[in-house]
Amino acid sequence: MYQDLKGKVAVITGGSKGIGQAIALRLAKEDMNLVFNYNSDAKGAERAVEKIRNNGGNAVAVHADVSEEADVKKLLDTAVTNFGQLDLWINNAGMENQVPTHKMSLADWKKVLNVNLTGTFLGSKSALNYFLDHKVKGNIINMSSVHEQIPWPTFAHYAASKGGSKLFTETIALEYAKRGIRVNAIAPGAINTPINAKKFKDPKQLKDTTDLIPMNRIGKPSEVAAAAAWLASSESSYVTGETIFIDGGMTLYPSFEEGKG
Ligand code: NAD
């Protein structure tokens, strides 16, 4: 438990499932008040709110598309109306789809960039304005990916969005450090969430993935959530502009294992 998180207020985008939901459950255990959006699954979001309330936490779910500025403002307004303040904003919502780059439609490209990168910009902008207006030494966490570093053929729009997110995180961390606002990123490797459900059900695809991971297993959403809780807390008070990789060693060039190369 991080005592300083008790009673604080967080917005978590994409908090109704996967990594976002694991973060919501973890922050609820830290006695935080939470607002998260859902994109299409209203019932799933209500179930997530109930789970949090059953764990003693407090949460409100709102329909919002992170690529729409008015929807993002609605998330902030919901936090302030229900809980009176904002302390933490987590840009977690994201999407991917596989398509060779020469066949990628402009619509495909725009969709992924709009959700993953523009959504991160809009969420950060909204949080920064609140923090500056209210002189809050707030905290922003952006959900990146190992693909901010590892190229990923047939997912060029996804890799471009996460590479963009890396420099966006570093830039605003520098821009607002003097105001006491911290901005960091988390880069998960392969985590067991709905985004990967189909892939990990197929034994061959599962093995292809675990072969890329020195620790030889898929990560759990709770392992990503643990990093988010630490970054949110004052235990990480001297950390800004960093990306924490939660990837079982995936970014350690496993092809060089045992002295190969
Ligand atoms: P997921 O598909 O389980 O959840 C994605 C969430 O984003 C959902 O709640 C969805 O509703 C929300 N979302 C999608 N489009 C949205 C939109 N336009 N507006 C609002 N919300 C929207 O995926 P996940 O695995 O939990 O991924 C969460 C984040 O972690 C993403 O940014 C993803 O890129 C990143 N990530 C995941 C993995 C992994 O292996 N699971 C690895 C690296 C990075």
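Is Thr-210 buried or exposed? In this predicted model, Thr-210 comes out as buried, because its relative accessibility is 11% and the cut-off for buried is anything under 20%. The residue sits in helix H7, which covers residues 203–210. Going back 10 residues in sequence leads to Phe-200, and the C-alpha atoms of Thr-210 and Phe-200 are 9.8 Å apart in space.

Next, the ligand. Its surroundings add up to 27 residues, and the closest of these are Ile-19, Asn-92, Tyr-158, Ile-191 and Thr-193. By character, the shell splits into 12 nonpolar, 12 polar and 3 charged residues. Two of the closest residues also turn up in polar contacts. The side chain of Thr-193 places an N or O atom 2.5 Å from an oxygen atom of the ligand, and for the side chain of Tyr-158 the corresponding distance to a ligand oxygen is 2.6 Å. Gly-94 joins in through its backbone, with an N or O atom 3.4 Å from an oxygen atom of the ligand. As for cover, the ligand taken alone exposes 830 Å², and the protein buries 93% of that. Two elements give two or more residues to the shell, namely helix H1 (18–29) and helix H5 (156–176).

Away from the ligand description, there is the second largest pocket to look at. It holds about 340 Å³ of space. Its lining is made up of 21 residues, with Lys-137, Gly-138, Asn-139, Gly-180 and Arg-182 lying nearest the centre. Sorted by type, the lining of this second largest pocket has 9 nonpolar, 7 polar and 5 charged residues.

Then come a couple of backbone oddities. Most residues other than glycine have a negative phi. Thr-154 goes the other way, with a positive phi near 75 degrees. Its place is in the loop between strand S5 (139–143) and H5. How much of Thr-154 is accessible? The relative accessible area is 25%, so Thr-154 counts as partly exposed, given that this class runs between 20% and 50%. Asn-216 is another non-glycine residue with a positive phi, here about 60 degrees. Asn-216 is also a loop residue, found between H7 and helix H8 (221–232).

Helix H8 itself contains Ala-227. With a relative accessible area of 8%, Ala-227 falls under the 20% cut-off and is therefore buried. Which residue pairs up with Ala-227 in the distance check? That would be Ile-244, which is 17 residues away along the chain, with a C-alpha to C-alpha separation of 7.7 Å.

Gly-44 offers one more case of burial. This glycine lies in helix H2, made up of residues 42–54. Gly-44 counts as buried because its relative accessibility is 8%, and the class takes in values under 20%. Its listed partner is Gly-248, 204 residues apart from Gly-44 along the chain, and the two C-alpha atoms are separated by 29 Å.

To pull the threads together, Thr-210 in H7 is buried at 11% relative accessibility, while Thr-154 is partly exposed at 25%. Around the ligand, the polar contacts described include the side chains of Thr-193 and Tyr-158 and the backbone of Gly-94.

Notes
Residues numbered from 1 in each chain as written. Predicted model: local features only at pLDDT ≥ 70, side-chain atom pairs only at ≥ 80, totals over all residues. Heavy atoms only, no water. 1 Å grid on protein atoms, 1.4 Å probe; cavity = no way out; pocket = protein on both sides within 12 Å on 5 of 7 lines; lining within 4 Å. Points joined across faces, edges and corners; volume = space filled by probe spheres on them. Nonpolar A, V, L, I, M, F, W, Y, C, P; charged D, E, K, R; others polar. Near = heavy atom within 4 Å. Polar contact = N/O pair within 3.5 Å; in protein donor to acceptor, adjacent residues only side chain to side chain. Areas by Shrake-Rupley, 256 points an atom, 1.4 Å probe, with all protein chains shown as cover. Helix = DSSP H or I, 4+ residues; strand = E, 2+ residues; numbered from the N terminus. Buried < 20%, exposed > 50% of the residue type's maximum accessible area, 1.4 Å probe, protein only.
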